[in-house]
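Here is a friendly walk through a structure you can turn on your own screen. Keep the sequence and the 3D view side by side as you read.

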Amino acid sequence: MSQEENTIEEETAFQELPDAPPRRKIRFTISGKIGIFFVLFWIMMVLIGPYVAPYNEADFLDESLFIVPGGDEYPDTDYQPPSKVAYLGTDYLGRDTLSRILYGARTTIGISFVATLLAYLLGVTLGIAAAVGSEWLDMSLSRFNDAFLSIPTIMMGLVVIAAVGSTIPILIVMTGFIYATSVFRVARSLGQDVMVSDFVEAAKVRGEGLWWIITREILPNVVMPLATDFGLRFVWIILFISSLSFLGLGVQPPMSDWGSMVKENLGGLPYGSIAPLMPSLAIATLTISINLIVDDISAHSGGKLSNRMI
Amino acid sequence: MLVQAIIKRILISFVTLLVVSIIIFIGTSLLPGDVANIILGQMATPESLAALREHLGLDQPPHVRYFMWLGNLFTGDLGMSKAGSGIGTVGTEISVMIVPRLVNTLRLAGMVAVISIPLAMSLGLLASMYPGSRIDRAITFTTLSIISVPDFLVAMILVMILAVQLGWLPSIAYLSGSETGWQLIRALLMPTLTLVTIVSAQIIRMTRATILNIMSSPYIEMAILKGVNRKRIIMRHALLNTVGPIVNVIALNMAWLIGGVVIVETVFAYPGLAKLMIDGVQTRDLPLVQACAMIFCATYVILLMIADMASIISNPRLRHPK
């Protein structure tokens, strides 16, 4: 891996203008490419999932589909193992697991994505404000934020849901707020690093306004680290919302969502049914893939001398 | 200086806990309808509501209620749960409900800590000794996978293998309270294994990152340039300097255990504090949720404090801030 990085540097280092930072293309490792494949796959499924699903998410499969010649006249349709009728088997009510996963992609990924966007909107706005604003603003925002950060996310979620119940808008807003606290911290520290740099000082001396400095100097310099952070935060939020759904406190039936699908079918686990396993594998393929991509990107931007020497 | 820094950190934790208690209190008093309403439910008449409100002090303004609640917390009076409430009774004392559950959860957490800390530290050390090697890649990939999948998937895979396929262990961890010795360990084993897997993965990653971070510091680079061999560098130069950060990592992970406990106790129907809290959330038993949340948050804040103290003690620069 280290050899690859070296060759990339040698190829491009002298082609750029001397005053522009050398642009290196990210070269993904095999695991990164697998990650990209799965992420693209799930994005596709969010868009077209319900159209390619073999059944509707709420359809109970007819028992006549499962009759084997010479077998039981009326077989149970629930917890069926994978077959040609239902490729991933059926769930505890005899619904097609594959179809429900494809429908659920939209719910799970959609809710998590909107919540992540909200967390970023709030966290980055306030974080940059704290970084460029007065000391008083920074102090008050940071102390307030620290207090919220010292409550475990799941506890915060449980308390809010106990008080106001669980609907999709509440779920999104709550998750957005909870994760905005950690985005705030990242954005603030990145912003502060840029704020004290020489080029910002030069801009100030030049007489540029605060808005100009924020949009032209600070934001472009924090975008890349924030983008990798966005990936990780998105993963945490998917896991958080799935966990809540798994506890029966997130997305409510009859909507299909990966976390609640696991909860519904947990009863089949002792009998070896794969119905609870499949939706959690769906979550796993997505979250592991995002992490693999992020890993490749941060390996590309990092890489210390002594790590390679030892 | 050291004592001052530590006292300062303790004071900060104390203030944090106060703020946390305010957040929890406000969070659970957001909605109209109060505890008296919840307790009486269908049987509420205006007279009985007023009487119960007065009994519970709900006729006071919010800030007075908050201080009453806080004062009661300090004296160990956690209030009344709605569980078991009916005509003539106002529910169960929360402290009575909580104590046995807390013991169960602490038992679980204790077992997890005893197993996962030595295991994870040695694997983390192993991975960081040979960065980029096959064993390091295997460890890094496995731990990355474990931390990026939902906790309940880890639990389910273990159930699939150990309970369903091999039939070695029970797939739920029900405790009747009369188990002793081997029975108790057997019941605890599945939830413990699940949590050990989750927590170890995090500790391994953080240990590896910490050691590699130290390995890239100038004095290690100096040692490399001097020609000291790798094992000697790690054992002599790096290891002592990692003690502080690693205690920090362990305390942080014990704090994060809280999130895992919530899921694992639900999967295995383990009668711990987190399960009690989830049941409380489902039945909207707000006093119970408040009490459990306070216990979890206090544990969290204290562990974070220990983590910070480890860094302060081990790092002279933090001990003498400029």
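How many helices and strands make up the secondary structure of chain B? There are 13 helices and zero strands. Keep in mind as you look around that this is a predicted model.

## Chain B at a glance

If you follow chain B along its sequence, the pattern reads α-α-α-α-α-α-α-α-α-α-α-α-α. Chain B has 322 residues, and 39% of them count as buried.

Contacts in chain B can also be sorted by sequence separation. Among those with a separation of 6 or more, 69% join residues that are 24 or more positions apart.

## The largest nonpolar core

The largest nonpolar core holds 143 residues. The members that touch the most other members are A:Leu158, B:Val289, B:Cys292 and B:Ala293. Which helix gives this core its largest share? That is helix H12 of chain B (residues 286–314), with 18 residues.

B:Cys292 is a good place to zoom in. Leaving aside its neighbours within four places in sequence, B:Cys292 is in contact with B:Leu273, B:Leu276, B:Met277 and B:Gly280.

## Two spots with positive phi in chain B

Helix H4 of chain B covers residues 62–74, which is 13 residues. From its first C-alpha to its last, helix H4 reaches 18 Å, close to the 18 Å expected at 1.5 Å a residue. After H4(B) comes B:Gly76, with a positive phi near 85 degrees.

The second spot is B:Ala269, a residue other than glycine that also has a positive phi, near 50 degrees. B:Ala269 sits in the loop between helix H10 (230–267) and helix H11 (273–282) of chain B. Is B:Ala269 buried or partly exposed? B:Ala269 counts as partly exposed because it has 14 C-beta neighbours inside 10 Å, while a buried residue needs 20 or more.

## A buried isoleucine in chain A

Now move over to chain A, where A:Ile238 lies in helix H8 (residues 210–246). Why does A:Ile238 count as buried? The reason is its 25 C-beta neighbours inside 10 Å, set against the cut-off of 20 or more.

Which residues does A:Ile238 touch, not counting those up to four places away in sequence? They are A:Thr108, A:Ser112, A:Ile283, A:Leu286 and A:Thr287. To see one of these pairs on screen, pick A:Ile238 and A:Thr287: they are 49 residues apart in sequence and 7.8 Å apart in space, C-alpha to C-alpha.

Notes: Residues are numbered from 1 along each chain as its sequence is written. Chains are lettered from A and ligands numbered from 1 in the order in which they are written. This is a predicted model: local features need pLDDT of at least 70, side-chain atom pairs count only at pLDDT 80 or more; totals for chains, interfaces and linings use all residues. Helices (H or I, at least four residues) and strands (E, at least two) are DSSP runs, numbered from the N terminus. A residue is buried if 20 or more other C-beta atoms lie within 10 Å of its own, exposed if 12 or fewer, and partly exposed in between; C-beta atoms are placed from the backbone. Two residues are in contact if their C-beta atoms, placed from the backbone, lie within 7 Å. A nonpolar core is a set of buried Ala, Val, Leu, Ile, Met, Phe, Trp, Tyr and Cys residues joined through C-beta atoms within 7 Å. The expected span of a helix is 1.5 Å times one less than its number of residues.
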